[in-house]
Structure formats: C-alpha cells, structure tokens
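This report concerns the single structure displayed below. Please keep the sequence and the model in view while reading.

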Amino acid sequence: MSVTTPKGPQLTMLPTAAEDDTSRGAQVLQPSGWPMPKGYANGMAAEGRIVVTGGVIGWDAEERLADGFVAQVAQTLSNIAAILAEAGAGPEHLVRLTWYVVDMEEYLTNLKELGKIYRAIFGAHYPAMALVQVVRLVEKAARVEIEATAVIPR
C-alpha cells in the first residue's frame, strides 16, 4: 500500500473574526496560496445547531417592499438578522448566504454602499456566499432574495 500526497493547494482553517476559540465556532476555509477573498469566504466549517432561512426579501412586517435595490438589501439583511435572533443566533453564526438578484449590474454598481450596509447589520463576518442572477422573483417587485444558513456551536 502506498501513501500519496494530495495535489493542489493545502487547506488552512482560520477562525472567524468573532471567534477566539477555533474549536467552538465557525472556521473560514482558505486554501493556502489562494488570494484572500474580499467580502466573502471561500468556505466555512462548523458544528452545532443548524439554522436555515427561506428566501428572504426586503419587505417589512406589513409586507411592504422597501423602495429600490439598496433599500431592499438593507431590509433583507435586517430580516435575516431578526430570523437568526429567533433561534438565538447572530451574524457571527452565518456560514452561507445565497443571493438572488434580478439585475447583476444593479448589484455591481452598488457594491460600496452594499458593503457599508452589510457591515452595519452583520459586522465584519463574511461567510461563504454565492450570487445568482435570476429572471424574476416570486414577488414581482422584489429586486433581491437571500437564503441564509447559520450554525450555532454546541
């Protein structure tokens, strides 16, 4: 029997910004030699109670959509924070966000403002993220929908 060394980049597990004890919280997966991503993580690892949201959009408790893309993102992220709080979780427990946008250019031209809004609501915790452009969302006037996955450590 021979032992082979895996080819490709080696994997580094970094603690998230909110965690001092890497054995308890989510860990950022960053292959060594890869450039550090900006505003997201390549991967996350965590153990504990899983919290999953449905597709969350930017409307308030009366189902009124915020006006415009940036305002809808702010409301959507606030809605996700409220759902996490119901489970006893916070933004530091997020391990994945999947964004669905109806206009990729609308997202790209607002990156700076979106970053400020994100940090105001979730802080400097950046989970694994995906961004997908879709033809439309169930709510016709919705510009963005986000699914979230969090893991609360045991």
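The sections that follow treat the nonpolar cores, the largest pocket and two individual residues of this predicted model.

## Nonpolar cores

The largest nonpolar core comprises 24 residues, of which Phe69, Leu77, Leu97 and Trp99 touch the most other members. At least two residues of this core come from each of α1 (69–86), β6 (94–101), α3 and β8. The greatest contribution is that of α1, which provides six residues. In soluble globular proteins, nonpolar side chains tend to be buried together.

Phe69 also illustrates contacts between parts of the chain that are not adjacent in sequence. Beyond its neighbours within four places, Phe69 is in contact with Val101, Glu106, Tyr107, Asn110, Leu114, Arg143 and Val144. Apart from the largest core lies another, made up of seven residues, including Ala26, Ala41, Val95 and Ala128.

## The largest pocket

The volume of the largest pocket is about 370 Å³. Its lining consists of 14 residues, and those closest to the pocket centre are Lys38, Gly39, Tyr107, Leu111 and Met129. Two elements, α3 (111–122) and β7 (128–133), give two or more residues to the lining.

Helix α3 gives the most to this lining, with five residues; α3 is also among the elements that supply at least two residues of the largest nonpolar core. By residue class, the pocket lining divides into ten nonpolar, two polar and two charged residues.

## Thr149 in strand β8

Thr149 belongs to strand β8, which spans residues 144–152. Is this residue buried, partly exposed or exposed? Thr149 has a relative accessibility of 24% and therefore counts as partly exposed, since the buried class is restricted to values under 20% and the exposed class to values over 50%.

With residues up to four places away in sequence left out, Thr149 touches Ile50, Val51, Val52, His93, Leu94, Val95 and Arg96. One of these contacts, Val95, is a member of the seven-residue core. The C-alpha atom of Thr149 is 6.5 Å from that of Leu97, although 52 residues separate the two along the chain.

## Gly48 in the loop between β3 and β4

Gly48 is located in the loop that runs between β3 (43–45) and β4 (49–52). Residues up to four places away aside, Gly48 touches Val151, Ile152, Pro153 and Arg154.

From Gly48 to Ala26 the C-alpha distance is 9.4 Å, with a sequence separation of 22 residues. Ala26 is itself among the members of the seven-residue core.

Key: Residues numbered from 1 in each chain as written. Predicted model: local features only at pLDDT ≥ 70, side-chain atom pairs only at ≥ 80, totals over all residues. Heavy atoms only, no water. Helix = DSSP H or I, 4+ residues; strand = E, 2+ residues; numbered from the N terminus. Buried < 20%, exposed > 50% of the residue type's maximum accessible area, 1.4 Å probe, protein only. Contact = heavy atoms within 4.5 Å. 1 Å grid on protein atoms, 1.4 Å probe; cavity = no way out; pocket = protein on both sides within 12 Å on 5 of 7 lines; lining within 4 Å. Points joined across faces, edges and corners; volume = space filled by probe spheres on them. Nonpolar A, V, L, I, M, F, W, Y, C, P; charged D, E, K, R; others polar. Core = buried A, V, L, I, M, F, W, Y, C linked by side-chain atoms within 4.5 Å.
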